[in-house]
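Subject: Structure handover

Hello,

Here is the structure I promised to pass on. Please open it and keep it beside you while you read my notes.

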Amino acid sequence: MTARRGAALTGTVQVPGDKSISHRALMFGLLTVGETTITGLLEGEDVINTAKVCRALGARVEQTGPGAWTVHGVGVGGLVEPAESLDFGNSGTGCRLMMGVVGAHPIRATFDGDASLRKRPMRRALDPLELFGLTVVSQAEGGRLPITTQGPKDAVPVVYESPVASAQVKSAVLLAGLNAPGVTTVIEKEATRDHTERMLTHFGAEVTVTPHGEHGRRIDLVGQPELKPAPVIVPADPSSAAFPMVAAAIVPGSDVTITGVMMNPLRTGLFTTLVEMGAEIEILNARVESGEDVADLRVRGSKLTGVDVPAHRAPSMIDEYPVLAVAAAFAEGPTRMRGLHELRVKESDRLAAVAAGLAAAGVDHTIEGDDLIVAGNGKVPGGGTVETHMDHRIAMSFLVMGLGTTQPMTVDDTAFIATSFPDFTGLMRGLGADFS
Ligand code: S3P
């Protein structure tokens, strides 16, 4: 698909439901006896795969309308041993969180995914799960998928200080802790998205969160609760809103409003950074919906300036660096993004994929250690083709870039956009984007 520079982008849009919350809503439904209703579920491929896996583990999962789903779960301790291997497609979140859900149950399960997911590290989730008593029966080289695990007859609770700033690892431990007697504790040095903790409380589990060090948290969960069905309303995904936001900021004269965007402070790093860069973003109708901060964001074509993005901000915008690199290319002066090592283990090696995309667009940049520096010297010629490497966010980021470059930008594969934002091209065209 090719993106071309055209007229200003204008209009009001709603992006799909948050991917992190959508996965978790289904899993909590599985772990709850009775009916959980979900509205605004992201119906992207990643989440649909999680729904199928919930069925394989014993839940009845049904779509009742657009974005409206019900889950009749089996409860903590009630999972059924799956007959077939569990296929998570492209989704690290689905796979690692479900390893936690399954990990403290006395069942055998095989986890698998597509070629991208088969390259990603799974030991980060399995290491703490082994402490509960899980046995890894088989794994591909380097702790990769496919992986077969056997859960313990009686799990023991765990105290785990995570060596990586990862909400997936934290969540895997907490979800396993649900089926262990006593208190399971996770300590994270850098606070990561806290949707699992919030949902645990929402479904009636006893969980306490306390600050730990300068940027970290300690989470204590009392195991073996009886979760109570609770309705989940999924707010719009800030990681998807990032694309129309940056597009509006880089295309002169644009005026775009994105409604109902989740503004959980552990997800708003891109917003903070764009504001620091001088982006004209207005927060409208700030409100709380279903326990999450939500607002409408009005973004106008803006004159951006390069900034220094601190490493400790990375967890709050970990999925937004590709599109931030695009914004940085249009800014005046260098943008330094620090501490990006986790980008190397996403759906692709995103540091390498972003650098290659910037090179294809003729944008000056360097990588120093784990930092990416985009020169911001006014040169954004475009005219190249970007390899997406089975990574939805690489595809969407460079299509956004092509709306501002002098020459069009092409991405080699748009198929993976369906994992997180199925109507991305339709929504962007509705704002005036020239994609063909
Ligand atoms: C997610 C956590 C992040 C993020 C992913 C969603 C989650 O991954 O990149 O898209 O829902 O917990 P890590 O935990 O690997 O940083």
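Start with helix α6, residues 195–202. Helix α6 lies across three strands: β11, β12 and β13 (216–222). Against β12, the helix runs at about 150°. Keep in mind that this is a predicted model.

**The sheet under α6**

Those strands belong to an open sheet of four strands. The order is β10-β11-β13-β12, and the pairing is mixed. Which strands stand at the edges? They are β10 (159–162) and β12 (207–212). Each has a single partner strand, so one side of each is left without a neighbour in the sheet. Ignoring direction, neighbouring strands here are turned by 15° against each other on average.

Look at one pair in detail. β10 and β11 (residues 183–188) run parallel and are joined by four bridges. To find the register, go to Glu 161, whose bridge partner in β11 is Ile 187.

A general point helps here. Strands of a sheet pair through backbone hydrogen bonds, and the pairing is either parallel or antiparallel.

**Helix against helix**

Packed helices are described by two values: the angle between their axes and the distance between those axes.

Stay with α6 for the first pair. Its axis and that of helix α5 (residues 167–177) come within 9 Å and cross at roughly 25°. That makes α5 roughly parallel to α6, because angles under 35 degrees count as such. On the α5 side, the contact is made by Lys 170, Ser 171, Leu 174 and Leu 175. On the α6 side, Thr 196, Glu 197 and Leu 200 take part. The residues of this contact divide into three nonpolar, two polar and two charged.

Now move to helix α1, residues 19–30. How far apart are the axes of α1 and α2? They are 10 Å apart, and the angle is about 10°. Helix α2 covers residues 45–56. The two helices are therefore roughly parallel. From α1, the contact uses Lys 19, Ser 22, His 23, Leu 26, Met 27 and Leu 30. From α2, it uses Asp 46, Val 47, Thr 50, Ala 51 and Cys 54. By class, the contact of α1 with α2 has six nonpolar, three polar and two charged residues.

α1 also packs against helix α3 (residues 92–103). Here the angle is about 25° and the axes are 11 Å apart. Again, the two helices are therefore roughly parallel to each other. α1 passes α3 in a right-handed crossing. His 23, Arg 24, Met 27 and Leu 30 of α1 make this contact with Thr 93, Gly 94, Leu 97, Met 98 and Val 101 of α3. The contact of α1 with α3 holds five nonpolar, three polar and one charged residues. Note that His 23, Met 27 and Leu 30 of α1 appear in the contact with α2 and in the contact with α3.

**Two domains**

Now zoom out. The protein chain is divided into domain 1 (2–16 + 235–435) and domain 2 (19–149 + 156–221). Their centres, taken over C-alpha atoms, are separated by 28 Å. How many residues of each are in contact? There are 26 from domain 1 and 26 from domain 2.

**A second sheet**

Another open sheet has four strands in the order β2-β15-β17-β16, with mixed pairing. β2 (10–13) and β16 (280–289) stand at its edges. Each has a single partner strand, so one side of each is left without a neighbour in the sheet. The twist averages 15° from one strand to the next.

β16 and strand β17 (residues 292–300) run antiparallel, joined by eight bridges. Glu 282 has Arg 298 in β17 as its bridge partner.

**Backbone details to check**

- Asn 285 sits in strand β16. Its phi is positive, about 50°, although it is not a glycine.
- Strands β20 (residues 365–368) and β21 (residues 371–374) run antiparallel, with four bridges. Ile 367 has Leu 372 in β21 as its bridge partner. The hairpin has two residues between the strands, and Gly 369 takes a positive phi near 60°.
- The peptide bond from Leu 145 to Pro 146 is cis, with omega near -5°. Pro 146 is in strand β9 (residues 144–150).

Best wishes

Note on methods:
Residues numbered from 1 in each chain as written. Predicted model: local features only at pLDDT ≥ 70, side-chain atom pairs only at ≥ 80, totals over all residues. Heavy atoms only, no water. Axes fitted to C-alpha atoms, helices over the stretch in contact; angles between N-to-C directions. Parallel < 35°, antiparallel > 145°, perpendicular 65-115°, else oblique. Contact = heavy atoms within 4.5 Å. Nonpolar A, V, L, I, M, F, W, Y, C, P; charged D, E, K, R; others polar. Pairing = 2+ DSSP bridges. Left-handed = near helix turned anticlockwise from the far one by under 90°. Domains from an automatic or database assignment.
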